[in-house]
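Trainee: I am new to this one and would like to go through it with you. Could we talk about how each label is earned?
Mentor: Gladly, let us look at it together.
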Amino acid sequence: QCEALVFLGRMMGMSMRSSTFLPLRLAPAVWKQIVGQNVTRDDILGVDLLSFNMTEAMTESPDRSQFDMTFDQTFTGVTADQRLCPLVPYGERIKVTYGRRNTYSSLLREFRNHEFREQVDLIRKGMVDVVPNPALMLFDGPELEKAVCGVNSVDIALLKRHTVYQGRYSESHQVIQYFWEVMENKFDNELRQKYLQFVWGRSRLPTDENKWEHPMKITCMNRPDPDRTLPVSHTCFFQLDLPEYTNAQTLYERLKVAIESCSVFDMG
């Protein structure tokens, strides 16, 4: 596991240098800890809302009798992989009482703050093999996530600026107008990401205008019955072969079927 986490850190460093984003889903607290940023109450809520609500209820309990009827808890916490972990020596044998409730709440939150410290240190070790530590420490948590994973939302205006048209298609062609209408008004962000994955093999756009290696190409696909034809993608070339659909609804339906029927390797 240690070697795997160091390797992951190196991959994250490489993604920062090459803008080849990784589809990681890490909690905000993890990104912050990689760069030594303080973890906030909201970060803890994002990791374990249930435990946080329980400790809030404990501390706000009005009296001892109600506390004893409501809570049956020892000085333990549950890790992300569902292991029971004592918060103090022999914590699994020590009951949380009304008088100890504030101590338990503080210990549990501290446990959550530092639960991933060992793993975070290993990831950081791998990252600084690729990105110098002083440069890494210039980022805050959200900036680091963006540098490694890109922007989660698909910017349609940005994609438009980096699209070219081939064959009979042009920016003013009716089918192209249908296409952008579908992308803007009928696709939600999840489906837009699936479209990028379908046509490019990646689910996120470059964050920098200057880091686009090549534009998206939309090419006219000549078919005798276009409304019965599915579009075709060429992920190596960031290219979509699009039939000349007669209306936006048909384009939406055919493109959605093609996207959801095609499984490609996600490079970020």
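Mentor: Let us begin with a term: a disulfide is a pair of cysteine sulfur atoms within 2.5 Å. Keep in mind that this is a predicted model.

Trainee: How many disulfides does a search of the whole structure find?
Mentor: Zero, when the whole structure is searched.

Trainee: How do you know that C85 is in no disulfide?
Mentor: The nearest cysteine sulfur belongs to C2 and is 17 Å away, while a disulfide needs the two sulfur atoms within 2.5 Å. C85 is therefore in no disulfide.

Trainee: Why is C85 called partly exposed?
Mentor: Its relative accessible area is 23%, and partly exposed covers what lies between under 20% and over 50%, so the label fits C85.

Trainee: And what makes C220 buried?
Mentor: C220 has a relative accessible area of 11%. Buried means under 20%, so C220 is buried.

Trainee: What is the mean pLDDT of the protein?
Mentor: The mean is 90, and 98% of the residues reach 70 or more. Over residues 264–268, though, the pLDDT is below 50. Where pLDDT is low, the predicted coordinates should not be read in detail.

Trainee: Which domains does the assignment give?
Mentor: Domain 1 spans 1–149 and domain 2 spans 156–264. Their C-alpha centres lie 40 Å apart, and six residues of domain 1 are in contact with six of domain 2.

Trainee: What makes three residues in the lining of the largest pocket count as charged?
Mentor: Asp, Glu, Lys and Arg count as charged, and the lining includes D81, R83 and E115, so these three are the charged ones.

Methods: Residues numbered from 1 in each chain as written. Predicted model: local features only at pLDDT ≥ 70, side-chain atom pairs only at ≥ 80, totals over all residues. Heavy atoms only, no water. 1 Å grid on protein atoms, 1.4 Å probe; cavity = no way out; pocket = protein on both sides within 12 Å on 5 of 7 lines; lining within 4 Å. pLDDT = per-residue confidence, 0-100. Contact = heavy atoms within 4.5 Å. Buried < 20%, exposed > 50% of the residue type's maximum accessible area, 1.4 Å probe, protein only. Domains from an automatic or database assignment.
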